[in-house]
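Visitor: Could you take me through this structure, one question at a time, and explain each term as it comes up?

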Amino acid sequence: MRRSLVILILSCLSALSLSAMPVPPNGLETDFRNMVETERAFSKLSEQKGIKDAFFTYIADDGILFRGGQFVKGKAWTQEHPNPPVGLIWWPTHAGISSSGDLGWTTGPYELKQGNETGHGNFMTVWKKQPDGNWRFVIDFGNDYATPTGDKGTPALRPGQTRATASKTDPAALKDSLLAADRDFGQATGKGTAAAYLARLAEDGVILRNGAHPYMGREAARGGLEKEPSAMTSQPVDGGVSAAGDLGYTYGQAEWKKGDAAAKGSYMRIWEKREGEWKLSAEALVEVAPPPPPAPAPN
């Protein structure tokens, strides 16, 4: 009788001890944390050694940058240009990752310091896990605004998201599906910008526009979209999709009317499969200044 009582007590203590132990990460949480920490290390290197070293270290070999109003091959561009005489730091406040743990994105504020001047904005970066297990970014974009947001949030894995295996669908077909969704969106905004965005933007979607703090969530975006051109068309240049086929990115060109003139811009979009449909998780779009007129020919 006494032996049975001892066993019962030990069993209860063991159960209590197990319930108090932290739940081990499901693998996807580890990937998510590693990606976010890579973003922080990227900023730290920029602070310590400068923008050029940081970008050259953390950009993927096929990575894309947005420079001078154009999308350029980032590794070559960074190597060919000097380190700018400015200080740049940033920190991730929101992030997402594919269920296959191979593709993700981060966004958050940055500070650009030059002399006594400090500029502010938000970055948006897509990260891809490399064959060696390290994270490197495949495209980087962002916007600017006048005053800091004060956002010091900490990125968190979406509740309930767990590890999934790679899709059995051909990777090329997955990418084609995403680019088709992006093109369809570009045609829909041509018929009505605000309605098209609100129909496709995820509830927790993020919208970046120059001159404005980020619109976080569909309801915040609703007010910002009232300031958008009534109609706008866009066309993707390229993009990529995760192995699970549940997260992808696109980048391309947009066009709209500004008064009587045509205005052009460039965009980067993060797409996520929600209930079998591509939803817009994040977008950065900036207007691109027209090229200067050609110099007059010498007499």
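Visitor: Over the face of which residue does R269 lie, and at what distance from the ring centre?
Guide: This is a predicted model, in which local features need pLDDT of at least 70 and side-chain atom pairs count only at pLDDT 80 or more, while totals for chains, interfaces and linings use all residues. Residues are numbered from 1 along each chain as its sequence is written, and side-chain values use heavy atoms, with hydrogens and water left out. A charge sits over a ring if NZ of Lys or CZ of Arg is within 6 Å of the ring centre and within 35 degrees of the ring normal. R269 fits this description, and the residue with its distance from the ring centre is Y267, at 3.7 Å.

Visitor: Where does R67 lie, and how far from the ring centre?
Guide: R67 is another residue placed over a ring, here at 5.3 Å from the ring centre. The ring whose face R67 covers belongs to W77.

Visitor: How many bridges pair strand β11 with strand β12?
Guide: Strands (E, at least two residues) and helices (H or I, at least four) are DSSP runs, numbered from the N terminus, and two strands pair if DSSP finds at least two bridges between them. Strand β11 covers residues 247-258 and strand β12 covers residues 261-274, with L247 standing opposite E272 in β12. In their hairpin, which has two residues between the strands, G259 takes a positive phi near 70 degrees. The two strands pair in the antiparallel sense, and the number of bridges is twelve.

Visitor: Which residue takes a positive phi in the hairpin of β12 and β13?
Guide: Strand β13 (residues 277-288) runs antiparallel to β12, joined to it by eleven bridges, and K273 stands opposite W278 in β13. This hairpin has two residues between the strands, and the positive phi, near 55 degrees, belongs to E275.

Visitor: What distance does helix α2 reach from its first C-alpha to its last?
Guide: Helix α2 runs over residues 28-49 and has 22 residues. The expected span of a helix is 1.5 Å times one less than its number of residues, which gives 32 Å for α2. Just after the helix, G50 takes a positive phi of about 105 degrees. The distance that α2 reaches is close to the expected one, at 31 Å.

Visitor: Is F42 of helix α2 buried or exposed?
Guide: Buried means under 20% relative accessible area, exposed over 50%, and partly exposed in between (1.4 Å probe, protein chains only). The buried residues of α2, including F42, M35 and L45, pack against elements among them α3 (51-58) and β7 (135-145). With a relative accessible area of 1%, F42 is buried.

Visitor: At what angle do the ring planes of F42 and Y58 stand?
Guide: The structure holds 14 aromatic pairs, where rings of Phe, Tyr and Trp (its six-membered ring) pair if their centres lie within 6.5 Å, with planes under 30 degrees apart counted as stacked, over 60 as edge-to-face and the rest as tilted. The rings of F42 and Y58 have their centres 5.3 Å apart, and the pair is tilted because the angle of the planes is 40 degrees.

Visitor: Which strand holds F137, the stacked partner of F42?
Guide: The pair of F42 and F137 is stacked, with 5.3 Å from centre to centre and 25 degrees between the planes. F137 is buried, with a relative accessible area of 0%. The pair ties together parts that are 95 residues apart in sequence, because F42 lies in helix α2 and F137 in strand β7.

Methods. Contact means heavy atoms within 4.5 Å.
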